[in-house]
Amino acid sequence: MIPLNVNARAVTVEAAPDTPLLWVLREHLGLTGTKYGCGVASCGACTVHLDGEAVRSCAIAVGDVGARAVTTIEGLPGGAQNPLVRAWVAVQTPQCGYCQTGQIMQAATLLARSPRPSREEILDHMQGNLCRCATYNQVVDAIQHAAREA
């Protein structure tokens with residue numbers, strides 16, 4: 001049994017310690033907002049926060065999480081009213097939508113550190129999150145929109 005703190009809730013899961021955090025979130029806890037993309041931490045679709053830092057959940061063993069707080073898209077403050085989520089809708093950012101939860105989680109760490117990021121800061125911070133539909137300009141627009149609205 002592995003104790004975790006997920007979305008500000010204490011949970012215990014029965015999983016092998018080397019199980020990727022992504023699978024524990026999706027399969028054990030039913031938090032399917034976090035997506036499987038590449039499985040090797042290269043695309044960012046599985047991005048979650050560990051103590052407020054964006055990490056790739058496919059590359060972190062659940063046994064290595066320890067007492068750190070895990071936040072998924074379901075635990076993003078404000079839920080559907082979070083400024084980033086509202087901006088994603090307002091700018092109509094998603095196309096297929098598959099990578100978007102990872103994009104939002106990555107963007108949230110940027111806005112937490114830099115509430116009014118420049119376009120260059122956004123591009124630099126988001127460069128590890130890939131989008132098959134190439135919505136990169138919409139992602140930048142949505143982050144700038146969220147920064148203005150916050």
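This section describes the fold, the buried core, the cysteines and selected surface and loop residues of a predicted model.

The chain contains five helices and five strands. Their order along the sequence is β-β-α-β-β-β-α-α-α-α. Along the principal axes, the C-alpha atoms occupy a box of roughly 45 × 30 × 20 Å. The radius of gyration is 15 Å, which agrees with the value near 15 Å for a compact globule of 150 residues. Of these 150 residues, 45% count as buried. Contacts between residues at least 6 apart in sequence were also examined; 57% of them join residues at least 24 apart. The exposed area of the chain is about 7,400 Å². Carbon and sulfur atoms account for 52% of that area.

Helix α1 spans residues 21–28. Its buried residues include Leu21, Leu22, Val24 and Leu25. An α-helix has 3.6 residues a turn, so residues three or four places apart point the same way. The cover over the buried residues of α1 is drawn in part from strands: β1 (2–6), β2 (9–13), β3 and β5 (69–71) are among the elements involved. After the helix comes Gly30, with a positive phi near 70 degrees.

Leu21 belongs to α1. Its relative accessibility is 0%, so Leu21 counts as buried. Beyond its neighbours within four places in sequence, Leu21 contacts Val48, Ser57, Ile60, Ala61, Val62, Val65 and Val70. Val48 is 27 residues from Leu21 in sequence. The C-alpha atoms of this pair are 9.6 Å apart.

A second buried site lies in helix α3, residues 100–113, which holds Gln103. Gln103 has a relative accessible area of 1% and is therefore buried, the limit being under 20%. Outside the residues up to four places away in sequence, Gln103 touches Trp88, Met126, Asn129, Leu130, Cys131 and Val139. Met126 falls within α4 (119–126), and Val139 within α5 (136–149).

The cysteines were then considered. A disulfide is a covalent bond between the sulfur atoms of two cysteines. The search of the whole structure returned zero disulfides. Cys38 is in no disulfide, and the nearest cysteine sulfur, in Cys43, lies 3.8 Å away. The cut-off for a disulfide is 2.5 Å between sulfur atoms. Cys38 is partly exposed, at 29% relative accessible area. For Cys99, the closest cysteine sulfur is that of Cys131, at 3.7 Å. This distance is too far for a bond, because a disulfide needs sulfur atoms within 2.5 Å. Cys99 is buried, with a relative accessibility of 9%. Cys131 is also one of the residues touched by Gln103.

Cys133 sits in the loop between α4 and α5. Its relative accessibility of 24% makes Cys133 partly exposed, since buried residues are under 20% and exposed residues over 50%. Setting aside neighbours within four places in sequence, Cys133 is in contact with Gln95 and Cys96. Cys96 and Cys133 are separated by 37 residues in sequence. In space, their C-alpha atoms are 7.0 Å apart.

On the surface, Trp23, Tyr36 and Tyr98 make up a nonpolar patch. Together they present about 260 Å² of accessible area. Tyr36 is placed in the loop between α1 and β3 (47–50). It is partly exposed, at 35% relative accessible area. That value is over the 30% required of a patch member, so Tyr36 can belong to the patch. Trp23 falls within the α1 range, 21–28.

Backbone geometry draws attention to two loop residues. Most residues other than glycine have a negative phi, and most peptide bonds are trans. Ala8 has a positive phi, near 65 degrees. The residue lies in the loop between β1 and β2. Ala8 counts as exposed because its relative accessibility of 77% is over 50%. Asp51 also has a positive phi, near 50 degrees. Asp51 is in the loop between β3 and β4 (53–56).

Conventions:
Residues numbered from 1 in each chain as written. Predicted model: local features only at pLDDT ≥ 70, side-chain atom pairs only at ≥ 80, totals over all residues. Heavy atoms only, no water. Patch = residues over 30% accessible without salt bridge, like charges linked within 9 Å, V, L, I, M, F, W, Y side chains within 5 Å. Areas by Shrake-Rupley, 256 points an atom, 1.4 Å probe, with all protein chains shown as cover. Salt bridge = Lys/Arg side-chain N within 4 Å of Asp/Glu carboxyl O. Helix = DSSP H or I, 4+ residues; strand = E, 2+ residues; numbered from the N terminus. Buried < 20%, exposed > 50% of the residue type's maximum accessible area, 1.4 Å probe, protein only. Rg over C-alpha atoms; globule rule 2.2 N^0.38 Å. Contact = heavy atoms within 4.5 Å.
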